[in-house]
Amino acid sequence: SPGGVILLGTVFPLVESIKAAARSRDDSAATSQAWLMYWVMHGIFSFASHDMAKVIKRFGPRGGKHWFEFQFYMVLWLILPFTDGAAILFETITKPYIVPIVAPIAKAAEGWLTTLALTIVNASHAWFVAFFFMALPTVLKRFAVIATGTAYPVAATIVAIATENDGIADDKWLTYWSCFSLLYLGMISAERFIGKVPGLYTICLACVLYLMLPIFEGSDAVFRSILVPLFRQREALLLKDAAKLARTMVLQLPKDRLGEAGQLAAQAFMDEAKRMTERGAATATTVPSASSQ
């Protein structure tokens, strides 16, 4: 069923991707790469099979049902650790054949995407773009949202996986796919349970651009302020940020200053924890005395 495909192919990967993105890279590098490979394959598969069930139903009433069965088992093959379908497809097809084509395109797209975003953000252009988009048929508006949210991110994610980096690009696109999958779930839920919502696809397209474009850094903001607290990963993310800070100190400070700087950083943490503890204890003693009066 469509619900089973969504539950298996989006909800479970969403939760696991949030956990992987919130943890230290030393603990979750392989897991992050695995989920990035999955989102690449999932993005390609979702984009290529857009509204495929409706097309297949024209050839028989049970065609749509069989298509969802195929989707379910395909997602299962991609996602299970012992089949590892996403990694197999990436290593055998994507990396040797698609990466050489996609890499220069993704690199060139970074510049003109920023320029396009700045043009759209301009108030006079924004009204024109919004009016033009809202005038499109519903099918084209939905297709535009999915295409915008998957085409360039898939290309950029492929490049991030295939090239050696310090994990920044991997984290960026893993947080993006986590946010986009949640937006996609919200969109299809509104379609199925509410019906036609005026301006739904316009809002979704604006959200996709906010999440995707580097000038906004929307996916990082949504990830840190909404998804991390929602899925109780705040401690893991703080530890990851602390590890990044430690790595930055090691790279930027002279070697003879590392020991003392590390001690000062640790002492600052202990002093702040002590102040917070004392403040909490003072508050706890003040409240009963005030209530007794």
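What follows is a short conversation about a predicted model of a protein chain.

Colleague: How many helices and strands does the protein chain have?

Modeller: Since this is a predicted model, local features need pLDDT of at least 70 and side-chain atom pairs count only at pLDDT 80 or more, while totals for chains, interfaces and linings use all residues. Residues are numbered from 1 along each chain as its sequence is written, and side-chain values use heavy atoms, leaving out hydrogens and water. Helices (H or I, at least four residues) and strands (E, at least two) are DSSP runs, numbered from the N terminus. By that count, the protein chain has twelve helices and zero strands.

Colleague: Which helix gives the most to the largest nonpolar core?

Modeller: A nonpolar core is a set of buried Ala, Val, Leu, Ile, Met, Phe, Trp, Tyr and Cys residues joined through side-chain atoms within 4.5 Å; buried means under 20% relative accessible area, exposed over 50%, and partly exposed in between (1.4 Å probe, protein chains only). The largest one has 58 residues, and those touching the most other members are Tyr38, Val145, Trp173, Tyr176, Trp177 and Phe223. Eleven residues of this core come from the top contributor, residues 168–194, which is helix H8.

Colleague: What span does H8 reach from its first C-alpha to its last?

Modeller: H8 has 27 residues. The expected span is 1.5 Å times one less than the number of residues, and for H8 that comes to 39 Å. The model is close to this, at 38 Å.

Colleague: Which residue of helix H8 meets arginine 142 in a salt bridge?

Modeller: A salt bridge is a side-chain nitrogen of Lys or Arg within 4 Å of a carboxyl oxygen of Asp or Glu, and the structure holds eight of them. Arginine 142 lies in helix H7 (residues 138–162), so its pairing with H8 ties together parts that are 49 residues apart in sequence. Arginine 142 counts as buried, at 16% relative accessibility. Its partner, 2.7 Å away from N to O, is glutamate 191.

Colleague: Which residues are linked with Asp171 in a network of salt bridges?

Modeller: Aspartate 171 is buried, with a relative accessible area of 10%. It meets lysine 240 at 3.0 Å, N to O, and that pair links helix H8 to helix H11 (residues 234–252), 69 residues apart. Aspartate 171 also forms a salt bridge with lysine 244, the closest N and O atoms being 3.9 Å apart. The residues linked with Asp171 in the network are therefore Lys240 and Lys244.

Colleague: Is lysine 244 buried, partly exposed or exposed?

Modeller: Lysine 240 is buried. Lysine 244 has a relative accessible area of 34%, which makes lysine 244 partly exposed.
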